[in-house]
Amino acid sequence: MTRHTGRQELAVFAAAYLTYFGVRAISEGRVDRALMNAGKVVRFERWLGIAWEGAIQSLVAGSQVLQDVVSAIYIYGHWPVLIGAGVLLYRFRREQYYTLRNACLLTGALGLVVFALFPVAPPRLTDLPLLDTVTRESPGYRQILPPALVNQYAAMPSFHAGWNLAVGIAVFRASRHWALRAFAVAMPLAMAFAVIATANHFVIDVVVGVTLVLAALGLQRTTVALPVGFSRGAVRRHATP
């Protein structure tokens with residue numbers, strides 16, 4: 001892979017990153033609408049019997065250490081893990097890198113539609129008796145990503161959970177080392193727990209985020225289209241008998 005292709009990949013992600021956060025900010029729904037939709041989510045969860053937010057947070061509420069742990073997982077287990085895995089996969093397992101990248105881009109685009117049409121307030125911003133552990137224990141995180149930059153009312157779907165699952169699947173497929181495979185299994189589970197325990201997402205947000213990612217990964221397995229950035233040289237090599 002040429003250096004030009006590497007720069008092209010960076011440009012793709014830079015454009016996607018700016019679009020993702022830009023559209024979230026521009027299309028931010030009204031607070032009253034986001035709160036109303038959050039109420040609908042709560043009622044739907046209760047109907048399904050999966051309104052577990054309070055029960056999950058109660059597992060960490062009595063321990064400062066556990067609150068710190070879930071807050072750290074939420075903060076440092078998302079972008080740092082996603083970027084780190086992307087760089088390493090690009091360098092050593094290019095096929096899995098493209099699978100991960102395409103899944104994130106596709107689900108991110110679908111997510112923007114949901115953010116615009118169905119804004120949802122996270123549990124921490126509703127009247128539910130839940131603690132915002134991230135703001136309480138790590139206020140610097142909210143300063144790095146201030147409300148003026150991002151849409152706070154875009155809890156649905158949870159890409160913290162969904163994209164971490166995509167990373168886990170890509171890393172598991174890319175490596176046979178037991179430690180990396182253990183991390184690939186544990187990290188998505190830990191993130192799914194953390195986003196609920198910190199009151200940043202509802203259970204259904206996690207379900208939808210994971211479902212979108214699995215659908216995106218499945219779609220890639222059924223298509224023969226080459227990923228963006230696949231070099232002409234690679235095409236010739238794969239075409240050679």
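The following questions and answers concern a predicted model and its computed geometry.

Residues are numbered from 1 along each chain as its sequence is written, and side-chain values use heavy atoms, with hydrogens and water left out. In this predicted model local features need pLDDT of at least 70 and side-chain atom pairs count only at pLDDT 80 or more, while totals for chains, interfaces and linings use all residues.

Me: What is the mean pLDDT of the protein?
Reply: pLDDT is the predictor's confidence in each residue, from 0 to 100. In this protein 80% of the residues reach 70 or more, and the mean is 84.

Me: Over which residues is the pLDDT below 50?
Reply: Where pLDDT is low, the predicted coordinates should not be read in detail. The stretch in question has 16 contacts in the model beyond near neighbours in sequence, a contact being heavy atoms within 4.5 Å. The stretch with pLDDT below 50 is residues 224-241.

Me: How many helices and how many strands are there in the protein?
Reply: Helices (H or I, at least four residues) and strands (E, at least two) are DSSP runs, numbered from the N terminus. From the N terminus on, the elements run α-α-α-α-α-α-α-α-α-α-α-α. The count is 12 helices and zero strands.

Me: What share of the residues of the protein count as buried?
Reply: Buried means under 20% relative accessible area, exposed over 50%, and partly exposed in between (1.4 Å probe, protein chains only). The protein has 241 residues, and the buried share is 43%.

Me: How far apart are the end C-alpha atoms of helix α10?
Reply: The expected span of a helix is 1.5 Å times one less than its number of residues. Helix α10 has 20 residues (178-197), so it should span 28 Å. The model agrees, with its end C-alpha atoms apart by 28 Å.

Me: Which structural elements are included in what covers the buried residues of α11?
Reply: Helix α11 takes in residues 203-221. Its buried residues are V203, I204, D205, V206, G209, V213, A216 and L217. The cover over them includes α2, α3 (53-61), α6 (94-117), α9 (159-174) and α10.

Me: Which residue takes a positive phi just after α10?
Reply: Most residues other than glycine have a negative phi, and most peptide bonds are trans. The residue lies in the loop between α10 and α11, and at 0% relative accessibility it counts as buried. Its phi is about 65° although it is not a glycine. The residue is A199.

Me: With which residues is Q57 in contact, leaving aside its neighbours within four places in sequence?
Reply: Q57 is found in helix α3 and counts as buried at 6% relative accessibility. Q57 and L130 are 73 residues apart in sequence, yet 7.5 Å apart in space, C-alpha to C-alpha. The contacts of Q57 are L130, L131, T133, A197, T198 and A199.

Me: What separation do the C-alpha atoms of V87 and Y97 have?
Reply: V87 belongs to helix α5 (residues 79-92) and is exposed at 53% relative accessibility. Y97 is found in helix α6 and is buried, with a relative accessible area of 6%. The two residues are 10 residues apart along the chain, and their C-alpha atoms are separated by 8.2 Å.

Me: Which side chains meet in a salt bridge?
Reply: A salt bridge is a side-chain nitrogen of Lys or Arg within 4 Å of a carboxyl oxygen of Asp or Glu. The structure holds one, with an N to O distance of 3.6 Å. Both partners are buried. The side chains are those of R124 and D132.

Me: Which peptide bond is cis?
Reply: The proline of this bond is found in the loop between α8 (139-144) and α9. Omega is about -5°. The cis bond joins M156 and P157.

Me: Which residues make a nonpolar surface patch of about 370 Å²?
Reply: Patches are made of residues with over 30% relative accessible area and no salt bridge: like charges are joined within 9 Å, nonpolar side chains (Val, Leu, Ile, Met, Phe, Trp, Tyr) within 5 Å. Areas come from the Shrake-Rupley method with a 1.4 Å probe, and for residues only the protein chains shown count as cover. One member, L48, sits in helix α2 (residues 31-48) and is partly exposed at 40% relative accessibility. The patch is made by F44, W47 and L48.
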